[in-house]
Amino acid sequence: MDHEDPFTGLLERSSVAQALREARASLARPSRPLTAVSRSLFQQASGDDSCGPNRPSSSYSLKSLNFVRDTFASSSCGSAGSTRSGGSMRGSSSRSGLRSRDSLAASASFVDLCAVPELEEPVLELPPPPDVLAFGDSGEVVYTSRAYGDEDADAAPLEFDVEDPEFDNEDEEEYDACAADDLALRMDVPEPGSDEETEAEEVPRSRASVSTKTRQRRKNTGTSQGSVEKASRRSAGETGVAMDPEMAAALCQATEELEALDRKGKEEGFLHVEQVLSVAERARPFLAKLRQSKMTDQDGQAPRLLRAAFALMDHQADATCLLRLARCTLELLRVGTVLQDVGTQGVEAAYLNIARALFKLSKEASNDALFREEGLLEPLLVMLHNGALVEVVEGHGSGSNELRVFVMGVLKNVSNNEDNQKLLVKRGALPALLALLRPTGDLRGSGQEAQLLVQVTALLRNLSASSKRQQQLIDLGGIATLTQVSSMYMSNKELQVNVARVIAKLSQHSSAIQALEQDPAPLQQMARCLREHAGIPTLVLRLTFAFGNLTANSDHLRQHIMFDCDMAGLLPGLLERYWQQNCKLAQANSNSGCLVTTSEEGAVPSDSQETESVLVKLVRLVANVTINPSVGTLVASEASVVEPLLDMLGCKRMAESEELVLSVIAALTNLLYYDSETNLLFSAENKQLLCRLLRPMLLEAHNVEALIETARALGNLSRHPDARQWISELRVDEALAILLAHGDRDLVFYSCGALVNLAADPQTGGRLCREGGLRTKVAAMLHDTLEDDPELLLVGVKVLSNLRLEGDGEEPWQEETLRNVRVAVTHARDAALAMVATKTASAVASAGGQASSVQGPSVQGGLPPAEEMLADLARRLLDSLPLSSQEQVDPCEAGLCQAPFAIGGDVGPQLGLVA
């Protein structure tokens, strides 16, 4: 008894063999578009002004943030008296948002404040004149301070509006490139009892003038100062109670320790990180309690602690230290006394500095876990949930939008971490992000809005990596929302690509098909975007990938996408365009050994590999939509589709372009199913060309799916006599006969399907019996086939039936061959009868044991079930077989003649190539 070679099984189970199988292209697992991880704010070149001419830059160092800066502007001559005693890492830029009036007067960009009409003086309850006044760009008071030794030192601080002329023009949508520097103001106040002299003291201003400006600002902006007042009252309370002594002492101690560490760090040149971390950790619970309670901070400990935290962030420290300090500052900026102390513009500057610092830290993948461990994800996400960004920085200037962009950029970067994704989704990030994409009546299609939406869609792309989140986004109406945003910002290429990335992810889930079958409106916008941006390969790649997923299992969407969305007119042009570009690049590479680059607007990619990836998705889409008969018949008559497919099959090789070749064969197989007069593949020239092109696939391909698709294509092609002649002359039929011994069931099935047609031709069938030993091969295949596989048994019996009736009239049967065939066919017949008996018994049992109520054999598509056909055909074949070599019986005289199964190998369109 022969034993199986044990080394064969070991080799098949080896890691090398598994790696090879996984590396091979598969129609069942098409490659997904690869999005390289990028932690920059924007991917498009800065010259692209679709997001606005001036957008936030992500190219800066933490040193340039300058967390600490005096509220008082330095004099134009840079006197030493205007410098904070503690010192800080300040920049030398003169573009400060709180410049002195003298410097404003000397500046060419000075705003004429006299143009603002005077209003009646508001009634304000002002405290006694302060010792120190700080003025902003337009001369308004932004902060007041009294020495703590004064008798009125315990009085509540006065809130003044911050007036910024740049914010007065509500219709302005663009902002200056250096607006971030203007707004990156440091909200530090002088140390208690400070005797620093400032420009503000040298420029007296009447209280009436300040009051007039305050009322004018409130009328123009409406909500800017009111937001800070409301936030202050919520945190401190209108009638808050005094802070308990324990908390006051703890905050005072933490502040003093941080200030001491700041001074020590500047003296020694390095920061004691572990001590800073310890103090910040001890202060965190007190800050949270202070923010959540109604306690008042009459001693000003919270603003003082904020100054100390920002001063420490000016030092060169590790990521953990900076993140923990940032967490503390975010807590402090929600305390009422801090909001009153800093003012609107200072709050916005503080948030902007923190967001920029966090974004810089988020560009390092090693910091992703630290963001979660230091508890920074929740505060950032809360800003999106309850509108805290709008609430704190209600002004409509560039700083507000820039802050939103950086906050979203931080979340986008850290969401590359799987644990961070889970936490964000658990905290409700998905509905919050979709709400930003569809605020009622707020989106106007401006460039500044697009900057934020680019970050939102990039974050959504990261969060939609898992099947569960894809389901959630689809249920929340994410596809419709994304296409609505796409329609509003058609000129923004980066936003369109990000939207396409998210849709491509969502299309992998089966519920996307159900959602779009109920509401196919988003498909129209997807097709429109594909038409408008046909020259952007990354976008074409992802939208065609999404269309391919949607058409894999939905015949309704196949027709809707091709006819209602006019993809029937767009798809051939895209296929021809990218194939021609791929040929040009290949030719240029072979001549010069380098890639061709082009700066032409809308040009397809300079990288031939990227172009080939686009072709893979386009061809896959062709294969899937042509499953529908109406679409398939139409596409088969398009020369702009058929010719590129034939060219690809001739030019590309499995070794270099495995997935593309595999997709091309699948598309051609589906097109060959439609045997119509308009099918260009059935011209005499193309049939001969196909036979020649498919031959190497059978002889050289190691990919089983490639062999299966080739056998399917030959099955449809072999219905034509001239094609069968070419198959025989090229000896392709012998390769099909050899594949009957293959271990893959589907490959054996489709090889038999092609042989059914070939065996019906006397010439090709007779040659296969003489030279290929087809009878013996089919008999061995039948013997090895499982008894519960009637389809495979049936197609094998069809091959023998056609050989017996048409293909071997002059070919004598050898005794051994005849015996093997009779045994194999008997095996098939007995298996069929057993399956019929089992079904009958099951039907009787389900009918309550009454055999009379059981109906006759069911008919599917006009044909009886496979097992019944198999039983009948096997019986007739056994009756027609020769009895022995001495006694031959004419089957026609015995009444056993029947028509050959000439169409038995007809192979319908393959099921959709799903992702």
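Helix 11 has 14 residues, and the distance from its first C-alpha to its last is 20 Å, close to the 20 Å expected at 1.5 Å a residue. It is also mostly covered, with 13 of the 14 residues of helix 11 buried. All of this comes from a predicted model, and the same goes for everything below.

Zooming out for a moment, the secondary structure of the chain comes to 42 helices and 4 strands. The chain has 915 residues, and 55% of them count as buried. Taking the contacts between residues at least 6 apart in sequence, 79% join residues at least 24 apart.

Back to helix 11, and to its partner, helix 9. Helix 9 covers residues 273–292, and at 1.5 Å a residue its 20 residues should span 28 Å; the end C-alpha atoms turn out to be 28 Å apart, so expectation and model agree. There is a bend along the way, though: helix 9 turns by about 30 degrees at R284, and a proline, P285, follows within four residues. R284 is also among the buried residues of helix 9, in a list that includes V273, V276, L277, A280, A283, L287, A288 and R291. An α-helix has 3.6 residues a turn, so residues three or four places apart point the same way.

How do the two helices sit together? Two packed helices are described by the angle between their axes and the distance between the axes. For helix 9 and helix 11 (residues 319–332), the axes come within 9 Å and cross at roughly 20 degrees. An angle under 35 degrees counts as roughly parallel, so helix 9 is roughly parallel to helix 11. The crossing is left-handed as helix 9 passes helix 11. On the helix 9 side, the residues in contact are V273, V276, L277, A280, E281, R284, L287, A288 and R291, and they meet T320, C321, R324, L325, R327, C328, E331 and L332 of helix 11. R284, where helix 9 bends, is thus one of the residues that meet helix 11.

A second pair of helices can be described in the same terms. Helix 34 (residues 704–717) packs on helix 37 (residues 745–759) at an angle of about 20 degrees, and their axes are 8 Å apart. That angle makes helix 34 roughly parallel to helix 37. Here, too, the crossing is left-handed, with helix 34 passing helix 37. Helix 34 brings L707, I708, A711, R712, L714 and G715 to the contact, while helix 37 brings D746, L747, Y750, S751, A754 and N757.

Helix 31 is another one to check for length. Its 13 residues, 639–651, should span 18 Å at 1.5 Å a residue, and the end C-alpha atoms are indeed 18 Å apart. The buried residues of helix 31 are S640, V641, V642, P644, L645, L646, M648 and L649.

A few single residues inside helices are worth a look as well. N353 is found in helix 13 (residues 344–362). With a relative accessible area of 2%, N353 falls under the 20% cut-off and so is buried. N353 and F310 are 43 residues apart in sequence, yet their C-alpha atoms are 9.7 Å apart in space. K617 sits in helix 29 (residues 608–625). K617 is buried, with a relative accessible area of 2%. Its C-alpha is 9.1 Å from that of A546, and K617 and A546 are 71 residues apart in sequence.

Towards another part of the chain, A871 belongs to helix 42 (residues 866–880). A871 is buried, with a relative accessible area of 12%. A871 and V836 are 35 residues apart in sequence and 8.6 Å apart in space, C-alpha to C-alpha. Leaving out neighbours within four places in sequence, A871 is in contact with R829, A832 and L833.

Finally, two loop residues have backbone angles to note. D566 has a positive phi of about 60 degrees although it is not a glycine. D566 lies in the loop between helix 27 (555–564) and helix 28 (567–592). With a relative accessible area of 42%, D566 is partly exposed. R731 is not a glycine either, and its phi is positive at about 60 degrees. The loop that holds R731 runs between helix 35 (721–729) and helix 36 (732–738).

Notes: Residues numbered from 1 in each chain as written. Predicted model: local features only at pLDDT ≥ 70, side-chain atom pairs only at ≥ 80, totals over all residues. Heavy atoms only, no water. Expected span 1.5 Å × (residues − 1). Bend = angle between axes of the 7 residues up to and from the residue. Buried < 20%, exposed > 50% of the residue type's maximum accessible area, 1.4 Å probe, protein only. Axes fitted to C-alpha atoms, helices over the stretch in contact; angles between N-to-C directions. Parallel < 35°, antiparallel > 145°, perpendicular 65-115°, else oblique. Left-handed = near helix turned anticlockwise from the far one by under 90°. Contact = heavy atoms within 4.5 Å.
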